[in-house]
Amino acid sequence: MEREERHVAREEAGPGPLEPGGRTVHDESYVREPASAAETEVVSRWSPARQAFDLIYLVFAVIDGLILIRILLKVLAANTAVPFTGFVYGVTNWLLAPFHGLLPVIQSGRSVFEMSALIGLLVYALLGYVLARLFAIMFRRDVTVAQNSRTRGYRPRSG
């Protein structure tokens, strides 16, 4: 079999539509008229659940980020007198309460590795993903809104 190549030339302001070979069809019934502002419509797509879907991902990303920062601060033996360290430990103690004592804590000098915090990080990441997907499945639908520019006051952009 031989390879067939097609070159299609498109005309932007031509007198009519193009045939598959790129030739212009001269048809009297085909007339291009510029659209007036009264006939212009604004079309937008919006998913009602998209904001909630993104919010779920954001909340769980912040939770996972804080737990990851806690793990790094503990491994690097951060100074607990610093307010930032106290804030991170305070918030994540509450978030990791269900996981305390689940696995042993590995300690070497001042450096501490909490394996239960790592399990908590994975559980919160999985929980966020599952909730976001479940929410997307339950509420997935797109709403297409078309509005006449005359009723909403929109004007077409000038190029």
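**Helix packing around H1 and H3**

Colleague: Which residues are buried in H3?
Modeller: In this predicted model, the buried residues of H3, where buried means under 20% relative accessible area, exposed over 50% and partly exposed in between (1.4 Å probe, protein chains only), include Ser116, Ala117, Gly120 and Leu121. Helices (H or I, at least four residues) and strands (E, at least two) are DSSP runs numbered from the N terminus. Given in full, the buried residues of H3 are Ser116, Ala117, Gly120, Leu121, Tyr124, Gly128, Ala132 and Ala136.

Colleague: What covers the buried residues of H3?
Modeller: Residues are numbered from 1 along each chain as its sequence is written, and side-chain values use heavy atoms, with hydrogens and water left out. Local features need pLDDT of at least 70 and side-chain atom pairs count only at pLDDT 80 or more, whereas totals for chains, interfaces and linings use all residues. On that basis, the cover over the buried residues of H3 includes H1, H2 and S3.

Colleague: How do H1 and H3 pack, and is H1 roughly parallel or roughly antiparallel to H3?
Modeller: The axes of H1 (residues 50–75) and H3 (residues 115–139) are 9 Å apart and make an angle of about 175°, axes being lines fitted to C-alpha atoms over the stretch in contact and angles running from 0 to 180 degrees between N-to-C directions. Angles under 35 degrees count as roughly parallel, over 145 as roughly antiparallel, 65 to 115 as roughly perpendicular and the rest as oblique. The angle therefore makes the orientation of H1 relative to H3 roughly antiparallel.

Colleague: How many residues does H1 have, and what does H1 reach from its first C-alpha to its last?
Modeller: The expected span, 1.5 Å times one less than the number of residues, is 38 Å for H1. H1 has 26 residues and comes close to that expected value, reaching 37 Å.

Colleague: Which residues of H2 do the H1 residues meet?
Modeller: H1 and H2 (83–95) pack with their axes 9 Å apart at an angle of about 120°, which makes H1 oblique to H2. On the H1 side, the residues involved are Ile63, Leu66, Ile67, Ile69, Arg70, Leu73 and Lys74, with contact meaning heavy atoms within 4.5 Å. Their partners in H2 are Phe84, Thr85, Val88, Tyr89, Val91, Thr92, Asn93 and Leu95.

Colleague: Where does Ala77 lie, and what phi does Ala77 have?
Modeller: Ala77 lies in the loop between H1 and H2 and counts as partly exposed because its relative accessible area is 21%. Most residues other than glycine have a negative phi. Although Ala77 is not a glycine, its phi is positive, at about 55°.

Colleague: Is Ile119 buried or partly exposed, and which residues does Ile119 touch?
Modeller: Ile119 has its place in helix H3 and, because its relative accessibility is 28%, counts as partly exposed. Ile119 and Phe99 are 20 residues apart in sequence, while their C-alpha atoms are 7.6 Å apart in space. Leaving aside residues up to four places away in sequence, Ile119 touches Phe99, Leu102 and Leu103.

Colleague: In what order do the elements of the protein run from the N terminus on?
Modeller: Of the 159 residues of the protein, 20% count as buried, and among contacts with a separation of 6 or more, 58% come from residues 24 or more positions apart. The protein has four helices and four strands, and from the N terminus on these elements run β-α-α-β-β-α-β-α.
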